[in-house]
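The following account leads through one protein structure, from its overall dimensions to individual residues. Please keep the sequence and the coordinates at hand while reading.

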Amino acid sequence: MKQEFIPVAEPDLGLLEERYVLDAVRSGWVSSIGAFIDRFEKGFAEYCGVRNAIMLSNGTVAIHLCLVSRGIGSGDEVIVPDLTFVATASAVKHAGATPVLVDVDPATYCIDPQLVEAAITPRTRAIIAVHLFGHPANMTALRDVADRHGIFLIEDAAEAHGARWEGKPVGGLGDAATFSFYGNKVLTTGEGGCITTNDDALATRVRFLKDHAMSKERRYFHPEVGFNYRMTNIQAALGCAQLERASEILSRKAQVLSWYREEFGGSSINLNPVVHPANPICWLVVALLPIGARGRVNAVCQALADEAIDTRPFFVPLSKLPPYAACRFVNQGTAVSHDLADRGICLPSSTRQSRSQVARVAEAMQRALIRTQAAPRPAASAGGV
Ligand SMILES: Cc1ncc(COP(=O)(O)O)c(C=O)c1O
């Protein structure tokens, strides 16, 4: 009998999303001007506890524009964690700057603040802290390092909408933050991104550059080279609906994670980290295989795929990717990022997932671990999430 397919992450879209998108279409405001853009920007700024949210085309250009608006480019170094989705580093390259890779903390999977200190040189202009898989980086320690060295601190919060550090929401913990609203993210606009900041001058510059750097005083006069990094009103309509449903979406995801915790309780598999004083959210349920299963991630993913269960390996660390392999990589000898990537699997994490589906995944996972122990399988496709 053919088994029901369980996807890794489905968007949670309902009647409210449908209604708002229809409203946007009927209004005729389908490009980057419209009531939903203003409403989403105001609502999201409030959600993050900041003065400014600027909606953009996606999370990658959000990082790029954040750097460029700050004047960061050729000759500058930007510190990024070794374990992240590649966009964090490609945006640095697009800006013409040099990524400096820093290992992650095994407790949070996020950038290790002590190693950040060791990575700083006179050319360091920014630190990008990625809140990986929904767990905030240690923003207290990073703020301290950034302040002592006068370095710009950016949060890449693409995977962490609604997470908190010391009770404060991500998006307002650095000098600026970037978000993604891609289809697999906690809140989605299909494609989409955002910069949040309390720095009004930075926000003004971002708004100017994202819209072809057009003069406010004189139409079609462009004093600089700008970008078209705008979000559409239709996307923002989706975003407004998602934002209204944010707590519902987050609590459903938390419920799915708690079911997995019940299933894997007492096993050798560790699920999403939780380190005080963080209140992480569940973007994806992440499972760390025991040390003995190191290197069997692709075989386990394939075994689950054979049972119609969709998974993802962890991101391939930047230091193992051809464009970044020659970058300076600060670690303590053995890379934590490599170990995590050798053992980490993202499990199905959609809001609509049922208790019985979670049980099915957990049972399949235990079977896969036993099966792959006997005979390692060839690599599965390593698609990113
Ligand atoms: C950590 C991180 N940064 C940046 C991005 C880029 O966002 P986007 O896909 O919207 O360009 C993503 C995800 O896609 C991500 O996970």
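**From the whole chain to single residues**

The accessible surface of the protein chain amounts to about 16,000 Å², and carbon and sulfur atoms account for 53% of this area. The model is predicted, and every value given here is computed from it. Along the principal axes, the C-alpha atoms occupy a box of roughly 70 × 55 × 35 Å. A compact globule of 385 residues would have a radius of gyration near 21 Å, and the value for the protein chain, 21 Å, agrees with that expectation. Of the 385 residues, 56% are buried. The secondary structure consists of 12 helices and 14 strands. Contacts reach far along the sequence: among those between residues at least 6 apart, 72% join residues at least 24 apart.

Helix α3 offers an example of such packing. L65 lies in this helix, which spans residues 59-69. Its relative accessibility is 0%, so L65 counts as buried, the limit being under 20%. Beyond the residues up to four places away in sequence, L65 touches L56, I195, V206, L209, K210, F227 and Y229. Between L65 and D175 the separation is 110 residues in sequence, while their C-alpha atoms are 14 Å apart in space.

A second buried region involves helix α11, residues 336-343, in which S337, D339, L340, A341 and R343 are buried. An α-helix has 3.6 residues a turn, so residues three or four places apart point the same way. The cover over the buried residues of α11 includes β11 (285-288), α10 (297-305), β13 and β14 (344-347).

The loop between α10 and β12 contains T311, and A308 has its place in that loop as well. T311 is buried at 9% relative accessibility. Not counting residues up to four places away in sequence, T311 touches V8, C301, L304, I345, C346, L347 and P348. A308 is likewise buried, at 17% relative accessibility.

The backbone of A308 also deserves attention. Most residues other than glycine have a negative phi, and most peptide bonds are trans. A308, although not a glycine, has a positive phi of about 65 degrees. F133 is another non-glycine residue with a positive phi, in this case about 55 degrees. The position of F133 is in the loop between β4 (124-130) and α6 (139-149), and at 4% relative accessibility F133 is buried. As for the peptide bonds, the one from H276 to P277 is cis, with omega near 5 degrees. P277 belongs to the loop between α9 (246-264) and β10 (278-279).

F133 leads on to the aromatic side chains. How many aromatic pairs does a search of the whole structure find? The search finds 13. In one of them, the ring centres of F85 and F315 are 5.6 Å apart and the planes stand at 50 degrees; the pair is therefore tilted, since this angle falls between the limits of 30 degrees for stacked and 60 for edge-to-face. The pair joins distant parts of the chain, 230 residues apart: F85 sits in the loop between β2 (77-81) and α4 (87-94), and F315 in the loop between β12 (312-313) and β13 (329-330). The two residues differ in their exposure class: F85 is partly exposed at 35% relative accessibility, whereas F315 is buried, with a relative accessible area of 8%. Ring pairs link both of these residues with Y109, F133, W283 and F314 into a cluster. Elsewhere, a charged side chain meets a ring: R219 lies over the face of Y220, at 5.4 Å from the ring centre.

W283, a member of the aromatic cluster, also appears among the contacts of K185. An unreviewed UniProt entry places the feature "modified residue: N6-(pyridoxal phosphate)lysine" at K185. Where in the chain is K185 found? K185 is located in the loop between β8 (176-180) and β9 (193-197). With a relative accessible area of 11%, K185 is buried. Leaving aside neighbours within four places in sequence, the residues in contact with K185 are A158, E159, H161, S180 and W283.

Notes:
Residues numbered from 1 in each chain as written. Predicted model: local features only at pLDDT ≥ 70, side-chain atom pairs only at ≥ 80, totals over all residues. Heavy atoms only, no water. Phe/Tyr/Trp six-rings, centres within 6.5 Å; stacked < 30°, edge-to-face > 60°. Helix = DSSP H or I, 4+ residues; strand = E, 2+ residues; numbered from the N terminus. Buried < 20%, exposed > 50% of the residue type's maximum accessible area, 1.4 Å probe, protein only. Lys NZ or Arg CZ within 6 Å of the ring centre and 35° of its normal. UniProt positions renumbered as here; feature names shortened; annotations may be inferred. Contact = heavy atoms within 4.5 Å. Rg over C-alpha atoms; globule rule 2.2 N^0.38 Å. Areas by Shrake-Rupley, 256 points an atom, 1.4 Å probe, with all protein chains shown as cover.
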